[in-house]
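Visitor: Could you walk me through this one? I'd like to begin with how far to trust it and then go into the details.

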Amino acid sequence: MKPFREAYQGRPPFASERRPPIATRYVPLPRSLGEYSRARVRPDVLAGVTVAALALPSAMAYAQLAGAPVSSGLYALLLPVAAYAVFGSAPRLVIGPEGTVSLLVATAVAPLAASGTDEYAVLASMLALLVGLVFLAARLVRLGWIADYFSQAVLVGYITGVAVVLVLGQLGKLVGVSSDEDGAVREALDILTHLDQADAETVVVAVVSLLLLVGLGRASKRIPAALLLVVLGIAASWALDLASAGVAVTGPVPSGLPSFAMPDVSRSDLGTLMAAAAAIFLVAFSDSILTARSFAARRHEVVDANQELLAHGIAQIASGVTQGIPVGTSGSRTAVNDDMGATSQVSGLTAAAMIALILIFLTGPIQYLPSAILGAVIVFAASKLIDPDQWRSLARSSRTEVVIAAVTSLVVVTIGVLLAIAVAVVLSVADVIRRAARPDDAVLGWSEADGRYVDVTEHPDAGVSDGVVVYRIQDRMFFANAHFFKRRLWAAVDGAPKPVRHVVLDASFISDIDASAEGALREVVDGLLERNIELHVARATVELRQRFDEVGLTELIGPTHFHGTIGAAVSAGGPAAGATS
């Protein structure tokens, strides 16, 4: 065994042996291509072409959902995708226009300008620029950890609510009826009450589109169902002249690549967009880091949250200065990218190149695409966001988490997406406090079979020593759980066979204490002494012992009442088993 100083050669224990150079530390693509081989080219290129095929109709649909021209959605598939490919730390993640983010864009920009106008497009681009600046500011102060504070319950509820809003929001396109009502629920109810005004041709297009999407999706995940539907829809619309029959179509799409330009908006509009930018940042980053980590875990890769902040910030700014809209992470296209065998962000660069070719040579036919088809694409994609398995997993874990998820979904659907962000943050924090305030704890007994002290409620045959109560709390002690600790310890003492002469506190899970916890321990020690009961502490860490020394708890409890094992602490009060545990 070597001394730590010699073995680690002066490095701290949690540092990598060799940090990459600054150039590749902040630009991961060259590092990932360092061992690139010809065998990886084919899967990366095929994955990129397939992702581009899926992204094209989705981008147009989500641009319309955001209220922006379809060209804004297509532009967001160019430089932003290329920027993430260069700066992103997740080798298979796919970004671009996305349903949740587009819905937030519509919520923020719709009160400021008419949908589909040039003014609206400029405001949406400025919003993308602001979102990028929020990402970069978060990177400067290293806020990558904030993604860990969105509980699974909140995220499941939020995504489910967004899926419902997306479906309700497309109802008008699917039946050819418009509504002036505000809010997804009111708008949907208004459309349903006017179904007698539905356009028959539009309904047929919508129904056939949904059937094709479902059928092709079930046939094979690798079939670009949305792309095939778009191609068939354009051909049918042109051949049958559906526009003259009353079916709404996309209309002319500017050809060519976007130019670089700074969006010009008024100061009042800028202030309004800032709040929306913060909300989009929270949603986009949380969704992105969760998706990136889930796919990286399959291949034992690590995603750098702070690097993701930088990559998404640059991608959002790239979208803002090229007439695009704010972008997010596409879980569905990431899944396809992964399924096609992509090994690096070469697939992302390929996808961006394919979209550029389409914008240069193939924008003319897009004007014939029926809006009902784009609505069907959104509805089909939204339906896959609702995952029953995730709800069942929450139910198995905790009923409280199901309630939190359901409340979040309800707020998204009934009140709005932007307010739901605030509610989601509050619920996440409340969930953290709830868990911290009621940590796992146990009364322990000796198990001969396991050779250790175990929870007596799970092992009723475990042995307990006469006159001794062994209690364990499994968390750091601080203001949120200090009263819980006192209440539960006294309940353990009151429930034990009498007389109780010793209480052993298993401190192996207690990493630290604050002033409230210190006060609670003093109250417990004083209360035990009044009952002629001694307190012993077992398995306290060196850091916890130092903390006890600093605040005087060691002197209050007694220096000889600290023990390295539970068995030793129990033996101090009388005969015991398991003295080495």
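**Confidence and overall picture**

Guide: This is a predicted model, and the protein averages a pLDDT of 86, with 93% of the residues scoring at least 70.

Visitor: Where does pLDDT stay under 50?

Guide: That happens over residues 576-580, for which the model nevertheless has 17 contacts beyond four places in sequence. Where pLDDT is low, the predicted coordinates should not be read in detail.

Visitor: OK, and the overall make-up: how many helices and strands?

Guide: The secondary structure comes to 26 helices and 8 strands, and the C-alpha trace spans about 95 × 60 × 50 Å along its principal axes. Of the 581 residues, 50% count as buried, while among contacts with a separation of 6 or more, 79% are between residues 24 or more positions apart.

Visitor: What about the surface and the charges?

Guide: About 27,200 Å² is exposed by the protein, and carbon and sulfur atoms supply 60% of that area. There are 43 positive and 51 negative side chains, with the centres of the two sets lying 7 Å apart.

Visitor: Switching to the sheet, what order do the strands take?

Guide: The order is β4-β3-β5-β6-β7-β8, which makes an open sheet of 6 strands with mixed pairing. β4 (452-455) and β8 (562-563) stand at the edges, and each has a single partner strand, so one side of each is left without a neighbour in the sheet.

Visitor: Parallel or antiparallel for β3 and β4?

Guide: Strand β3, residues 441-447, runs antiparallel to β4 and is joined to it by 4 bridges, with L444 standing opposite D455 of β4. The two strands form a hairpin with 4 residues between them, and in that turn G451 has a positive phi of about 70°.

Visitor: And how do β5 and β6 run?

Guide: They run parallel, with 5 bridges joining β5 (residues 468-473) to β6 (residues 502-506). V469 has V503 as its bridge partner in β6.

Visitor: Anything odd in the backbone just before β6? Which peptide bond is cis?

Guide: The bond from K498 to P499 is cis, with omega near -5°, and P499 is found in the loop between α22 (482-495) and β6. Most residues other than glycine have a negative phi, and most peptide bonds are trans.

Visitor: Then which residues have a positive phi without being glycine?

Guide: Q323 is one of them, with a phi of about 60°, and R539 is another, also with a positive phi of about 60°. Q323 lies in the loop between α15 (305-320) and β2 (328-329), whereas R539 is in the loop between β7 (534-538) and α24 (542-551).

Visitor: How accessible are those two?

Guide: Q323 is partly exposed, with a relative accessible area of 25%, and R539 likewise counts as partly exposed, at 31% relative accessibility.

Visitor: Last topic, A517: is that residue buried or exposed?

Guide: A517 counts as buried because its relative accessibility is 0%, which falls under the 20% cut-off. The residue lies in helix α23 (residues 515-530).

Visitor: What does A517 touch?

Guide: Leaving aside residues up to four places away in sequence, A517 touches M477, F478 and A482. The C-alpha atoms of A517 and F478 are separated by 5.0 Å, although the two residues are 39 residues apart along the chain.

Terms used: Residues numbered from 1 in each chain as written. Predicted model: local features only at pLDDT ≥ 70, side-chain atom pairs only at ≥ 80, totals over all residues. Heavy atoms only, no water. Pairing = 2+ DSSP bridges. Buried < 20%, exposed > 50% of the residue type's maximum accessible area, 1.4 Å probe, protein only. Contact = heavy atoms within 4.5 Å. Areas by Shrake-Rupley, 256 points an atom, 1.4 Å probe, with all protein chains shown as cover. Lys, Arg positive; Asp, Glu negative; His and termini not counted. Charge placed at Lys NZ, Arg CZ, Asp CG, Glu CD. pLDDT = per-residue confidence, 0-100.
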